[in-house]
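Welcome! Here is a short briefing on how the inside of this protein is packed, and on the space left within it.

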Amino acid sequence: MKNTPRRGPTPNRPGGTGADRGPTPLPELPPARARVLGAVADREAQGAGTTITDLAGDLGGHANTSRAHVGELVDEGLLERVPVAASGRGRPAHGHRLTDRGRLVLDALRVAQPVATDELVTAMAEHLSTTADAETHARAVGRLWASQLTRDRASDGASPADRVTSLLRTAGFSPQPEASGDVALRTCPVLASARAHPGIVCTMHEEMLRAALDDAGDERVQLRLAPFAREGACLVHLRGA
């Protein structure tokens with residue numbers, strides 16, 4: 001009897017074209033703009049608002065430079081303008097705060113290890129797609145990736161869900177555990193290549209997680225990645241955890 005190879009993940013298609021489904025891409029922020037985003041977050045953590053004057057004082061440089069960076073971050077949906085109570089006469093000042101997307105992106109930027117760019121992953125996926133057994137190669141790459149990300153990382157006592165969440169956060173996926181036991185992936189560091197080659201790129205991601213669980217002795221936990229499962233997220237299904 002001929003064995004049927006296990007097929008890699010395929011995106012869910014019901015309810016739309018799929019263009020608005022799945023996680024949020026990580027923007028490529030210049031270092032100066034990332035510092036502005038971090039400065040706004042630091043002031044929010046202290047319970048303070050952030051004006052252009054505040055940013056210029058915190059980061060140095062001219063206020064117009066901070067204003068330009070803030071304008072770009074607002075356009076990208078990472079910051080939003082909010083009114084600030086005026087301390088004297090004149091027009092009310094405007095402050096800025098992180099949007100939900102801004103918090104996701106900043107969290108991913110702060111904790112993610114360097115990852116391959118979309119262009120490199122796309123090139124690799126295109127090459128693998130021409131091989132005789134692309135899925136087998138994709139899973140091998142995923143296991144090698146897991147060994148790199150988990151090197152020198154202690155996982156004693158961590159539950160499978162915690163281990164998966166920690167690994168995803170390190171890789172830049174902004175994971176969010178759900179009450180069902182699943183884990184939602186809110187951002188993706190290589191979204192363009194995943195959309196272009198889901199059967200290869202998403203297979204690598206799935207096998208990366210499965211390898212991490214196997215190495216930790218959780219072979220009985222069933223794991224499946226559902227790419228572009230709903231608007232704003234992919235889903236990692238965990239059973240037996």
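Among the 34 residues of the largest nonpolar core, the ones touching the most other members are Val164, Leu168, Leu185, Leu209, Val236 and Leu238. Please keep in mind that this is a predicted model. In soluble globular proteins, nonpolar side chains tend to be buried together.

**The largest core**
- Two or more residues of this core come from each of α5 (118–128), α6 (134–149), α7 (160–171), β5 (183–185), α8 (191–196), α9 (198–215), β7 (222–230) and β8 (233–239).
- The helix α9 gives the largest share, with 9 residues.
- For a look at one member, try Val164: beyond its neighbours within four places in sequence, Val164 is in contact with Leu209, Leu213, Leu223, Val236 and Leu238.

**Another core**
- Apart from the largest core lies another core, made of 16 residues, including Leu29, Ala39, Val70 and Leu79.

**The cavity**
- Rolling a probe the size of a water molecule over the atoms shows where empty space is left.
- Here the count is 1 cavity of 30 Å³ or more, and the largest cavity holds about 70 Å³ of space.
- Its lining is formed by Pro23, Phe173, Leu185, Thr187, Cys188, Leu191, Ala194, Cys202, His205, Leu225, Phe228 and Cys234.
- At least two lining residues come from each of β6 (187–188), α8, α9 and β7.
- By type, the lining has 10 nonpolar and 2 polar residues, and no charged ones.

**A link between the topics**
- Leu185 is one of the core residues that touch the most other members, and Leu185 also helps to line the largest cavity.

Conventions
Residues are numbered from 1 along each chain as its sequence is written. This is a predicted model: local features need pLDDT of at least 70, side-chain atom pairs count only at pLDDT 80 or more; totals for chains, interfaces and linings use all residues. Side-chain values use heavy atoms; hydrogens and water are left out. A nonpolar core is a set of buried Ala, Val, Leu, Ile, Met, Phe, Trp, Tyr and Cys residues joined through side-chain atoms within 4.5 Å. Buried means under 20% relative accessible area, exposed over 50%, partly exposed in between (1.4 Å probe, protein chains only). Helices (H or I, at least four residues) and strands (E, at least two) are DSSP runs, numbered from the N terminus. Contact means heavy atoms within 4.5 Å. On a 1 Å grid over the protein atoms alone, a cavity is a set of points where a 1.4 Å probe fits but cannot get out, and a pocket is an open set with protein on both sides within 12 Å along at least five of seven lines; lining residues have an atom within 4 Å of a point. Grid points are joined across faces, edges and corners, and a volume is the space filled by probe spheres set on the points. Ala, Val, Leu, Ile, Met, Phe, Trp, Tyr, Cys and Pro count as nonpolar, Asp, Glu, Lys and Arg as charged, and the others, Gly among them, as polar.
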